[in-house]
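Open the model in your viewer and get ready to select residues by number. At each stop, make the selection before you read on.

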Amino acid sequence: MSPDSLAPGSVSSGAGGAHSDSPAPALWWERPDLRYVGRDLHLGGHNLAVLAKEAGTPAFFYSGARVLANLRRVKAALESTGLPHGIRYAMKANRYGPLLTLMKTSGLCGIDACSPGELRHAVRCGFRPDEVSYTATSVSPADLEVLARNPTAWVNADSLSTIRRLGAVSPGRAIGLRVNPAMGVGYGENQLLRYSGERTSKFGIYKEHFQEALDTAAASGLSVEGIHFHVGCGYLNGQLDAWAAVVRECAWFLDRLPKARIVNIGGGLGVPHVATDRPLDLAAWAGIIRDTFKDRGVEIWVEPGDHIVKDAGVLVLQVNTVERKRQTDFVGVDGGFNLAMEPVFYRLPCEPVPATLPSDAATAWDPAALKPVTIAGNINEALDIWAENVPLPPFAEGDRLVLLNAGGYASAMGSNHCMRAQAEEHLLL
Ligand SMILES: Cc1ncc(COP(=O)(O)O)c(C=O)c1O
């Protein structure tokens, strides 16, 4: 948890709101479908303690309704631009099959894939190749063979090398170019989540190489009909001005592409991680898109991952160790950073909360009842700490603990380090 986040018991000024069966003030992250009902945390109408007892821990639970609601919100914002549009959900965020099939049957989105495995998996989950865009980096000859076999999948090429070699195996194809505006935006000031900026990155084609990229495409028999940019992950309202500047910068590429019909504005739309984060204002976001691309004759594609799945998922763990070591009260749990790497990899804040409160909500979250604890995972690495000195109601061994915002880049990035198994995933409908 970041030092400037409020205590978990802090009152929300946002979407949560008090509920009739929950007399305590709403916690900053509570919302109608994620809140305490009595002493138990519920997600999408399901009691997580009861589910975890049946399923065992560690376990991921995803709310299908929340995923669809998130998709619908993005779609409504795009509708408001008045421009033709499409959503390509970035399945790298969460590739759980039942969730992908739910998305497909909703008809709300296609898929953005970044590897042959993801492309095949999207098709296995019901998406047609022509509903899939493919945005990858360091593309191999084997990857290109797969693309050649799927001529209706839309490819965003991010290097001159890819353009040249794709043209050789799949000539005549219409493609997009991933561009790099040398500006980035992500979660707050976190540089780890920026994909372009001052430091030269591997992603996309820079301005100074763009004409050469167009010439290479023409010489390779490819027709460049779109631009694509994805400049970072996790941007919220505080970063919207910076994102608008990035979008305007990317229009430079569009100006030099007479046949452009698609502008893919990437993903990167964030969700709040701490009480002080303000959610992304999708109406303002859509306004930036409309102002930049109206009258340009282009269709807008967006490929969000996190914004669709992150706040729809939780990871439930069991407490196995409660012990004071020197001045630190440790709470040891049965899952470590191999299950959800972002807090360690990207230093993203992590919000641990009890699945079941020790008393009624008002008493349990009374600041006087909270005790700073350090939540430790079960991986033999010093960095395997979920959160340090986070004020929480007291835990006992055997209790269950829930990590919020675990729907994106958690299971999908999992490893079996220390031969610890992956957590089971469950879709809640
Ligand atoms: C090309 C591309 N598109 C979309 C995404 C999805 O990003 P996010 O989950 O932040 O929306 C990523 C994430 O790395 C990406 O690399």
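This tour goes from strands to helices and ends at a few single residues. Keep in mind that the model is predicted.

**Stop 1: a small sheet**

Select residues 34-37, which are strand β1. Add residues 40-43, strand β2, and residues 46-47, strand β3. These 3 strands form an open sheet in the order β1-β2-β3. Their pairing is antiparallel. Which strands are at the edges? They are β1 and β3, and each pairs on one side only.

Now look at β1 and β2 together. The two run antiparallel and are joined by 4 bridges. Pick Tyr36 and look for its bridge partner: in β2 that is Leu41.

**Stop 2: Leu43**

Stay in strand β2 and select Leu43. Is Leu43 buried or exposed? Leu43 has 23 other C-beta atoms within 10 Å, so it is buried. A residue counts as buried at 20 or more.

Show the contacts of Leu43, leaving aside its neighbours within four places in sequence. You should find Asp33, Leu34, Leu48, Phe61, Ser63, Val314 and Leu428. Then draw a line from the C-alpha of Leu43 to that of Arg248. These residues are 205 apart in sequence and 39 Å apart in space. Remember Arg248, which comes back in the contact between α8 and α9.

**Stop 3: a cis peptide bond**

Go to Thr57 and Pro58. A cis peptide bond joins them, with omega about -5°. Pro58 sits in the loop between α1 (48-55) and β4 (59-63).

**Stop 4: strand β19**

Select residues 400-403, strand β19. In a regular strand, side chains alternate between the two faces of the sheet. Check each side of β19 here. Arg400 and Val402 are on one side, and Leu401 and Leu403 are on the other. All four are buried, and both faces of the strand are covered.

Next, find the partners of β19. Select residues 313-325, strand β14. How many bridges join β14 to β19? There are 4, and the strands run antiparallel. Then select residues 352-354, strand β16. β16 also runs antiparallel to β19, with 3 bridges between them.

Zoom in on Leu401. Leu317 has Leu401 as its bridge partner in β19. Pro354 stands opposite Leu401 as well.

**Stop 5: helices α2 and α9**

Select residues 64-80 for helix α2 and residues 282-293 for helix α9. The helices pack with their axes 8 Å apart, at an angle of about 40°. That angle makes α2 oblique to α9. The crossing is right-handed.

Show the side chains where they meet. From α2, take Arg73, Val74, Ala77, Leu78 and Ser80. From α9, take Leu282, Ala283, Trp285 and Ala286. Colour this contact by class: there are 7 nonpolar, 1 polar and 1 charged residues.

Pause at Ser80 in α2. With 15 other C-beta atoms within 10 Å, Ser80 is partly exposed. Beyond its neighbours within four places in sequence, Ser80 is in contact with Ala283 and Ala286. Now find Arg290. Ser80 and Arg290 are 210 residues apart in sequence, but 8.5 Å apart in space, C-alpha to C-alpha.

**Stop 6: helices α8 and α9**

Keep α9 on screen and add residues 240-255, helix α8. The axes of α8 and α9 come within 10 Å and cross at roughly 20°. The two helices are therefore roughly parallel to each other. This crossing is right-handed.

On the α8 side, select Leu240, Trp243, Ala244, Val247, Arg248 and Ala251. They meet Ala284, Trp285, Ile288 and Thr292 in α9. By class, this contact has 8 nonpolar, 1 polar and 1 charged residues. Note Trp285: it is part of this contact, and it is also part of the contact with α2.

**Stop 7: two asparagines**

Select Asn389 in strand β18 (residues 385-392). Its phi is near 50°, a positive value in a residue other than glycine. Asn389 is partly exposed, with 14 other C-beta atoms within 10 Å.

Finish at Asn405, in the loop between β19 and β20 (424-428). Phi of Asn405 is positive too, near 55°. Is Asn405 buried or exposed? Asn405 is buried, with 26 other C-beta atoms within 10 Å.

Note on methods: Residues numbered from 1 in each chain as written. Predicted model: local features only at pLDDT ≥ 70, side-chain atom pairs only at ≥ 80, totals over all residues. Buried ≥ 20, exposed ≤ 12 C-beta atoms within 10 Å, placed from the backbone. Pairing = 2+ DSSP bridges. Axes fitted to C-alpha atoms, helices over the stretch in contact; angles between N-to-C directions. Parallel < 35°, antiparallel > 145°, perpendicular 65-115°, else oblique. Left-handed = near helix turned anticlockwise from the far one by under 90°. Contact = placed C-beta atoms within 7 Å. Nonpolar A, V, L, I, M, F, W, Y, C, P; charged D, E, K, R; others polar.
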